[in-house]
Amino acid sequence: MIDFGAVGQSFDLLFSNFGPWLVVVPGIVLGLIFGATPGLQISMAMAIFLPMTMYMDFIQAMLFLTAIFTGGSFGAGIPAILMNIPGTSSAIATAFDGYPMARKGQHNQALGVALASSVIGALMGYVVLFFMIQPLSYMVLRLGPAEMFVVILWGMTLIASLKGEQVLKGLIAGFVGLLVGTIGFSEIGLARGTMGQTYLLDGVPVIPAMMGMFAASELFKLANKGFIVESADARKVKVSEIFEGCRMAMRYPVVMIRGGLIGVLVGAVPGVGSSVSNLLSYIETKRRDRDPDSFGKGNPKGVVASEAANSSSEGGSMATLLALGIPGGGATAVMLAAFAMHNITGGPQFIRQQTDVVYAIIFANFAQVFLLVIIGLLFIPLLANIVKVPMRYLIPSVLVLAVMGSFGLTGNMTGPATVLVFAVIGWIFRHYGYSVPAAVIGMLLGSLAEKSLLHSYQISGGDITYVFERPVTLAIFALLLISLFSQPLMKRLKARQEAAQL
């Protein structure tokens, strides 16, 4: 139900003075910079500037933090497209087709596709949040640890099937990633897989590992190339082609809507968010496409699916924060800290008592999305010039940036060492046909999978029949089995039909 009285009050909060809007443009710019810089996270930007919000009123503080969130969601896709370096884990799938488009000289179009998809995805997320904030919160509450564990396994299965014919290698890579993700102290205080090294007690730092496996290993492969884009004519930055990319994204409304809905639903699940939603959207788009083999080779639908999902997941994670007082990820955890600084507690009582504030935050985000279009179009031509940099300068610069960023994340040499070690591992994976994305997602979800499994075991008392009392768990498990065995079965049936016709 929409409280129209609260809607009117929310407009009074936003437009009675222009104080709240003064922080929006700086917030979007900061989000773009941090999102587009490998090693710098959106949540890091929000945490760094969080103390400033102490001197703002609550509405202004939320507009500033959500502006950083909005800008960062798009900014992360820029290095994914231009350098095959996802700025954050939410842009992993953007690199799958965005980078091949850039390699073919379509970097302008790819950036335009990403911008348009991000804008539409974020709008969808906040529209759904406006109408469905309470139903979404009730739906999330029905997901227990057993459901979360099976969802993670299902996601791993889908990611492993990205290359179709090499599902087994994808599963092996994902399982290796899960094992790496469990290195360090467990939930019950036991140290595993550290090999006696104290710097592994906190686990393998995932972001440096991701930069090593995605970026550094790709740079090794490009060491003998002159430029990212070989053709001199294709290296030109053209604003007209960026607009062409924006129009190109609009040709795939079904992909965009599906990605937006996946982003909202997955983003609402605490601890999962855009890191998983962009991959699920990409996989679902590839699975439904008439030409799935074109994905990974520069299909713009892949960029649309990823960017629509990771941007719309903002709305889902905000629903969890506002309706339940539970952060959906690192960025919303910083927002929860801002709540505490202003003596406000999120949850059903907050929605009932301060509905006008909730609507004001949602409407402000609509405005931020439109501002992102303008600011993004100003920034993209500047950032796209990276394709003109010779590889002999770009490779060492990117490696230095990755090493410095990883050092900033960990505060010691563990980060740089992780980048270098996982660069070699990533090169080996690529060389032998194992899925790098599956391994990275396994690392990202390893600790969450372990936590969910342990909690399920504690709740059930070790009784396996507990699963049969959870219909949602069984339904998700059935989807997992279908994802795993549908492709081989369809191929066998097709082969039999062809043999019968002969």
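In this predicted model, Gly193 lies in the loop that runs between strand β2 (191–192) and helix α10 (206–221). With a relative accessible area of 46%, Gly193 is partly exposed, since that value falls between the limits of 20% and 50% that separate buried from exposed residues. When residues up to four places away in sequence are not counted, Gly193 touches Ile183 and Leu200. The C-alpha atom of Gly193 is also separated by 8.2 Å from that of Val180, a residue 13 positions away along the chain.

The protein to which this loop belongs has 21 helices and two strands. Of its 502 residues, 56% are buried, and the surface that the protein exposes amounts to about 21,900 Å², of which carbon and sulfur atoms supply 66%. Among the contacts with a separation of 6 or more, 80% are accounted for by residues that stand 24 or more positions apart.

Two of the helices may be described by their span and burial. Helix α2, which covers residues 24–36, has 13 residues and reaches 18 Å from its first C-alpha to its last, close to the 18 Å expected at 1.5 Å a residue. The buried residues of α2 are Val24, Gly27, Ile28, Leu30, Gly31, Leu32, Phe34, Gly35 and Ala36. Ala36, which is found in this helix, counts as buried at 17% relative accessibility, because the limit for a buried residue is under 20%. Leaving aside neighbours within four places in sequence, Ala36 is in contact with Gly75, Ala76, Ile78 and Pro79. A further residue, Pro86, is 50 residues from Ala36 along the chain, and the C-alpha atoms of the two are separated by 8.4 Å.

Helix α6, which covers residues 92–103, has twelve residues and reaches 17 Å from its first C-alpha to its last, close to the 16 Å expected at 1.5 Å a residue. Eleven of the twelve residues of α6 are buried, so this helix is largely enclosed by the rest of the structure. The buried residues of α6 include the aromatic-bearing positions Phe96 and Tyr99, together with Ile92, Ala93, Thr94, Ala95, Asp97, Gly98, Pro100, Met101 and Ala102. The helix is followed by Gly105, whose phi is positive, near 90 degrees.

Further along the chain, Phe407 is found in helix α18, which covers residues 391–410. Its relative accessible area of 38% makes Phe407 partly exposed. Apart from neighbours within four places in sequence, Phe407 is in contact with Asn412, Met413 and Pro416. Phe407 and Val419, which are twelve residues apart in sequence, are 9.8 Å apart in space, C-alpha to C-alpha.

The packing of helix α19 (residues 414–432) against helix α20 (residues 436–460) was examined in turn, and the two pack at an angle of about 135 degrees, with their axes 9 Å apart. The helices α19 and α20 are therefore oblique to each other, because an angle has to be over 145 degrees to count as roughly antiparallel and from 65 to 115 degrees to count as roughly perpendicular. On the side of α19, Phe422, Gly426, Phe429 and Arg430 take part, and these meet Val436, Ala439 and Met443 in α20. By class, the contact of α19 with α20 has five nonpolar, one polar and one charged residues, with Gly counted among the polar residues and Arg among the charged ones.

The remaining residue considered here is Leu481, which is found in helix α21 (residues 471–501). At 36% relative accessibility, Leu481 counts as partly exposed. Leu481 and Thr157 are 324 residues apart in sequence, yet they are 8.9 Å apart in space, C-alpha to C-alpha.

Methods. Residues numbered from 1 in each chain as written. Predicted model: local features only at pLDDT ≥ 70, side-chain atom pairs only at ≥ 80, totals over all residues. Heavy atoms only, no water. Helix = DSSP H or I, 4+ residues; strand = E, 2+ residues; numbered from the N terminus. Buried < 20%, exposed > 50% of the residue type's maximum accessible area, 1.4 Å probe, protein only. Contact = heavy atoms within 4.5 Å. Areas by Shrake-Rupley, 256 points an atom, 1.4 Å probe, with all protein chains shown as cover. Expected span 1.5 Å × (residues − 1). Axes fitted to C-alpha atoms, helices over the stretch in contact; angles between N-to-C directions. Parallel < 35°, antiparallel > 145°, perpendicular 65-115°, else oblique.
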